[in-house]
Amino acid sequence: MMMQNFLSLAGWFFFFLFVEKMGERPLAVSNIVRSIFVVMLIPIWGFNSATNTLVSYAIGRERTDEVISIVFKVLKLGIACVICLITINLIIPEKVLSIYTNNTTLIQESLPSLRVISIAAIFLTTGFILFSGVSGTGMTKISFLIETAIIVFYIALAYVLTNLNNAKIEYVWTVEIFYGTLIGSLSYFYLRFGNWKHKRI
């Protein structure tokens with residue numbers, strides 16, 4: 001679990017390392033967008049913890065048939081919460097960005113990236129909650145393998161996008177969409193077809 005969390009942080013470390021080489025402006029945009037993104041992730045992390053706890057509780061009481069249902073109930077709540085935050089970003093984006101900078105040019109340059117992370121938040125909510133469902137089953141090796149595979153892809157894709165000629169920073173931020181999609185897909189596949197039902201917590 002420690003290594004898994006380390007890998008998650010390492011992904012963002014490399015992401016910003018690559019973005020830094022794109023120049024001062026893309027880095028400034030990314031720092032603003034990251035601050036907004038972290039605020040959006042706070043409720044997502046809360047739903048992740050809830051999913052992990054509820055799944056473990058259900059398995060502990062030998063009610064494995066309820067696990068997928070629990071995960072999807074939390075997922076609905078998580079997406080509803082994130083949509084509220086996204087709506088604010090899309091309705092008054094300039095005001096949201098002005099919390100972090102009063103530079104009007106920088107605000108305008110940050111708008112496309114803000115839209116991208118708003119879309120990415122839905123994919124990440126789905127991916128993280130499904131992944132927390134896998135972690136809640138107690139199959140730590142499986143969750144570690146999933147995280148490792150996705151982070152390797154994430155770093156590779158971020159490297160490719162940041163090294164393209166004339167690459168725009170908003171395109172680089174689409175790696176979050178791919179991350180959420182892949183981790184969600186692999187997690188759902190494991191919850192649906194894996195052998196976690198035989199695990200005892």
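**Exercise 1. The nonpolar surface patch**

Task: In this predicted model, which residues form a nonpolar patch on the surface, and what is their accessible area together?

Solution:
- Step 1. List the members. The patch consists of Val38, Val39, Ile42, Trp45, Ile99 and Tyr100.
- Step 2. Add the area. Together these residues have about 560 Å² of accessible area.
- Step 3. Place one member. Ile99 sits in the loop between α4 (93-98) and α5 (104-136).
- Step 4. Classify Ile99. Its relative accessibility is 64%. Exposed means over 50%, so Ile99 counts as exposed.

**Exercise 2. A ring pair between two helices**

Task: How are the rings of Trp12 and Phe37 arranged, and which helices hold them?

Solution:
- Step 1. Start with the search. Across the whole structure, 15 aromatic pairs are found.
- Step 2. Take the geometry of one pair. The ring centres of Trp12 and Phe37 are 6.1 Å apart, and the planes meet at 25°.
- Step 3. Apply the cut-off. Planes under 30 degrees apart count as stacked, so Trp12 and Phe37 are a stacked pair.
- Step 4. Locate the partners. Trp12 belongs to helix α1 (residues 2-20) and Phe37 to helix α2 (residues 24-60). The two are 25 residues apart, and the pair links distant parts of the chain.
- Step 5. Check the cover. Trp12 is partly exposed at 22% relative accessible area. Phe37 is buried at 1%.
- Step 6. Widen the view. Trp12 and Phe37 belong to one aromatic cluster, together with Phe15, Phe16, Phe128, Tyr154, Trp173 and Tyr179.
- Step 7. Add a charge. Arg34 lies over the face of Phe16, a member of that cluster. The distance to the ring centre is 4.6 Å.

**Exercise 3. A ring pair within one helix**

Task: What is the sequence separation of Phe189 and Phe193 in helix α8, and are these residues buried or exposed?

Solution:
- Step 1. Count along the helix. Phe189 and Phe193 are 4 residues apart in helix α8 (residues 175-193), so about one helical turn separates them.
- Step 2. Check the cover. Phe189 has a relative accessible area of 53%. Phe193 has 54%. Phe189 is therefore exposed, and Phe193 is exposed too.

**Exercise 4. Two buried positions**

Task: What do Ser30 and Gly180 contact, leaving aside neighbours within four places in sequence?

Solution:
- Step 1. Place Ser30. Ser30 is in helix α2.
- Step 2. Test its cover. Buried means under 20%. Ser30 has 0% relative accessible area, so it is buried.
- Step 3. List the contacts of Ser30. They are Phe16, Val19, Ile169 and Trp173.
- Step 4. Turn to Gly180. Gly180 lies in helix α8. It is buried as well, at 3% relative accessible area.
- Step 5. List the contacts of Gly180. They are Phe123, Leu124 and Gly127.
- Step 6. Take the glycine partner. Gly180 and Gly127 are 53 residues apart in sequence. Their C-alpha atoms are 4.7 Å apart in space.

**Exercise 5. The salt bridges**

Task: How many salt bridges does a search of the whole structure find? Which helices does the pair of Glu109 and Arg25 tie together?

Solution:
- Step 1. Recall the principle. Side chains of opposite charge can pair when their charged atoms come close.
- Step 2. Count. The search finds 2 salt bridges.
- Step 3. Take one bridge. Glu109 pairs with Arg25, with the closest N and O atoms 2.9 Å apart.
- Step 4. Place the ends. Glu109 is in helix α5 and Arg25 in helix α2, so the bridge ties together parts 84 residues apart in sequence.
- Step 5. Check the cover. Glu109 is partly exposed at 32%. Arg25 is partly exposed at 35%.
- Step 6. Take the other bridge. Arg63 pairs with Glu66, with the closest N and O atoms 3.1 Å apart.
- Step 7. Check the cover again. Arg63 is partly exposed at 32%. Glu66 is partly exposed at 30%.

**Exercise 6. A positive phi**

Task: What is the phi of Glu62, and where does this residue lie?

Solution:
- Step 1. Recall the background. Most residues other than glycine have a negative phi.
- Step 2. Read the angle. Glu62 has a positive phi, near 60°.
- Step 3. Place the residue. Glu62 is in the loop between α2 and α3 (67-91).
- Step 4. Check the cover. Glu62 is exposed, at 59% relative accessible area.

Notes:
Residues are numbered from 1 along each chain as its sequence is written. This is a predicted model: local features need pLDDT of at least 70, side-chain atom pairs count only at pLDDT 80 or more; totals for chains, interfaces and linings use all residues. Side-chain values use heavy atoms; hydrogens and water are left out. Patches are made of residues with over 30% relative accessible area and no salt bridge: like charges are joined within 9 Å, nonpolar side chains (Val, Leu, Ile, Met, Phe, Trp, Tyr) within 5 Å. Accessible areas come from the Shrake-Rupley method with a 1.4 Å probe; for residues, only the protein chains shown count as cover. A salt bridge is a side-chain nitrogen of Lys or Arg within 4 Å of a carboxyl oxygen of Asp or Glu. Buried means under 20% relative accessible area, exposed over 50%, partly exposed in between (1.4 Å probe, protein chains only). Rings of Phe, Tyr and Trp (its six-membered ring) pair if their centres lie within 6.5 Å; planes under 30 degrees apart count as stacked, over 60 as edge-to-face and the rest as tilted. A charge sits over a ring if NZ of Lys or CZ of Arg is within 6 Å of the ring centre and within 35 degrees of the ring normal. Contact means heavy atoms within 4.5 Å.
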